[in-house]
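Q: Please take one part of this structure and go through it closely. Keep it brisk, and connect the pieces as you go.

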Amino acid sequence: MTDPQQSAVFQAEGSQLNLTLYVAGDRPNSLKAQANLRAICEEAIPGGAEVEVVNVLADFARAAEHGIVVTPTLIVDRGNTSTVVIGTLSDRDKVLAAIGIESDQ
Amino acid sequence: MTEKNAKRRARLNQAEAVLRALENDEVDVVLGKRGISLLRVQEMQDQLSRQQELFQGIIDNIPVLLCIWDPDLEQFQFNQAMEDTLGWTVEDTLDGKFMSKVYPDPAYRQEVSEFMLSFTPGWKDLRTTAKNGEVVDVSWANVRLKDGRSIGIGIDVRQRKQFERELKSSRDELDLRVKERTAELEQTVNQLQTEVSRRELAEKVLFERSERLEEANKELKRRARQLQKLAMQLSTAEDRERHRIAEVLHDDLQQILVGARFHLDSLAHKLPEGEDDPLLQEVVSLLGESIEKSRTLSHELSPPALKRSGLVAALEGLREQKKQRYDLDVEVSLDPDAEPASEALKFFLFKAAREMLFNVVKHSGVHKAHLSLAKDDGTLRLAVRDEGKGVDVQDLSSDSGLRGLGLFSIRERLELMGGRLEVESIPGDGSRFTVIVPDTPEPR
């Protein structure tokens, strides 16, 4: 995830879960959000998930198209529902809830 | 819940999530219709904090006095250098009378206040009073802040001022010395001018005296010429008188005496044989002696050769006379062209030669002398030289010494005629007497 313009894949293909993380380059909160999301995916999602990282500094139109107002913003797309999580994704339970996974704790 | 309400609820939740994220400082950027706004609050705070730290570090450590004041000149803030230099702290400003403490003189305080509020560019040196009462020279410049306050930047210029004072003192001292030196020079110039004036005056006096001396000299020369002329006239008169007496002696007295002796001789022959009268013989003898004396006197008064043949011939005759009378061998060296122009001078030189040769006879102790007569550039030189005992020249420097040699009257007459007598003598080695006289013609 060193290059925010490139999408990163945390899980194998075929998953119904699509995650899109909007960041602002390597700003501190954006880096924190990517790190937290990577840890959550690796640890808590058995089937893995595809995560696309979009750098709004490089692709403002994409962010505007999806109504992104701040970064970092995570869009969780589960096919029929879509959930938005804003911030550094440091609240693990909140992220898991958005993804639809019960917390272990 | 309707779909519309569900969407509204979702937007509200998202808005709350955004606000929470903003409150938690978890947002990097905000996206709007016009673009992206970076949110770097913490970073900016950190940066601001660093800048404040840097600024505070500068303020606290810079060796420059910093002072912040309000437009009313009542509230002040200082940096460490200000406190260290002047001793004032913010506590000293709390009573609102800080300006009167730092600038006690009202007029000066007014001037300083105007400067502090004028924001005149550049630096102004102010006499700022420290807390301990010392007046510190500080050079101030003002910078206006947006909020109406001002920052004064001050530099402690005591050392510079001290240098300036020392420089001024040195300059003043130099000026004083220059003035003193100038005064001394002016005094010297005045003295020199006075001296020059005095010397000019002295020179003028000297010149006048010189002129008078020259006049006197001319007068003296004129009188000398007169005297010389008179002397020559006197000599000429003497010569004539001598000649007349010689003629009387020769033509009258001698004839009478010869006639008287002739008559006495005739009378004696008439006496009987053997009756010679001794008295008569005595008278005849005395008459003969008188005739001889008369003839000698006549010759001495007016030597016949001198009158007849001139001085050179007369000196030749004198040589023979000295040989006959005194057994003195006289070598002569006579220039035929050295014949004097006047009769008086002829007789004078003849008489001088006779006197000098007679001195050889009397004093030299030898029977040999040398007589010379020469003429050079209008001057006659008559010299008599011998190789006898010589005379003491020191003695001849006195009149009595000359009188002893019969030369006093000769020297006197010589001086009157513009001539001189030179005497050279080495005791035991001989003498030379030289008469030097201008060959002046007979005065009319």
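A: Helices here are DSSP runs of H or I with at least four residues, and strands are E runs of at least two; both are numbered from the N terminus. The model is predicted. The part chosen is helix α9 of chain B, residues 311–326.

Start with its length. α9(B) has 16 residues. At 1.5 Å a residue, they should span 22 Å. The end C-alpha atoms lie 21 Å apart, so the helix agrees with the expected span. Just past the helix, B:D327 has a positive phi of about 55°.

Next, the buried face. B:L311, B:V312, B:A314, B:L315, B:L318 and B:K322 are buried in α9(B). Their arc around the axis is only 150°, so they sit on the same side of α9(B). The general rule is helical geometry: with 3.6 residues a turn, residues three or four places apart point the same way.

What does the buried set of α9(B) pack against? The partners, in chain B, are two helices, α8 (304–309) and α10 (343–364), plus three strands, β8 (329–334), β9 (368–376) and β10 (379–386).

One α8 residue shows this packing in detail. B:L306 lies in helix α8 of chain B. Its relative accessibility is 4%; the cut-off for buried is under 20%, so B:L306 counts as buried. Leaving out residues up to four places away in sequence, B:L306 touches B:L311, B:A314, B:K346, B:F347 and B:F350. Of these contacts, B:L311 and B:A314 are also among the buried residues of α9(B). B:L306 and B:F347 are 41 residues apart in sequence, yet their C-alpha atoms are 7.4 Å apart in space.

Now the pocket. The largest pocket holds about 550 Å³ of space. It has 22 lining residues. Nearest its centre are B:L318, B:Q321, B:R325, B:F350 and B:R354. Four helices of chain B, namely α7 (278–301), α8, α9 and α10, each supply at least two lining residues. α9(B) gives the most, with nine residues. By class, the lining has eight nonpolar, five polar and nine charged residues.

Two residues tie these views together. B:L318 is buried in α9(B), and B:L318 is also among the residues nearest the pocket centre. B:F350 is touched by B:L306, and B:F350 belongs to that central group as well.

How values were computed:
Residues are numbered from 1 along each chain as its sequence is written. Chains are lettered from A and ligands numbered from 1 in the order in which they are written. This is a predicted model: local features need pLDDT of at least 70, side-chain atom pairs count only at pLDDT 80 or more; totals for chains, interfaces and linings use all residues. Side-chain values use heavy atoms; hydrogens and water are left out. The expected span of a helix is 1.5 Å times one less than its number of residues. Buried means under 20% relative accessible area, exposed over 50%, partly exposed in between (1.4 Å probe, protein chains only). The arc is that of the directions from the helix axis to the C-beta atoms. Contact means heavy atoms within 4.5 Å. On a 1 Å grid over the protein atoms alone, a cavity is a set of points where a 1.4 Å probe fits but cannot get out, and a pocket is an open set with protein on both sides within 12 Å along at least five of seven lines; lining residues have an atom within 4 Å of a point. Grid points are joined across faces, edges and corners, and a volume is the space filled by probe spheres set on the points. Ala, Val, Leu, Ile, Met, Phe, Trp, Tyr, Cys and Pro count as nonpolar, Asp, Glu, Lys and Arg as charged, and the others, Gly among them, as polar.
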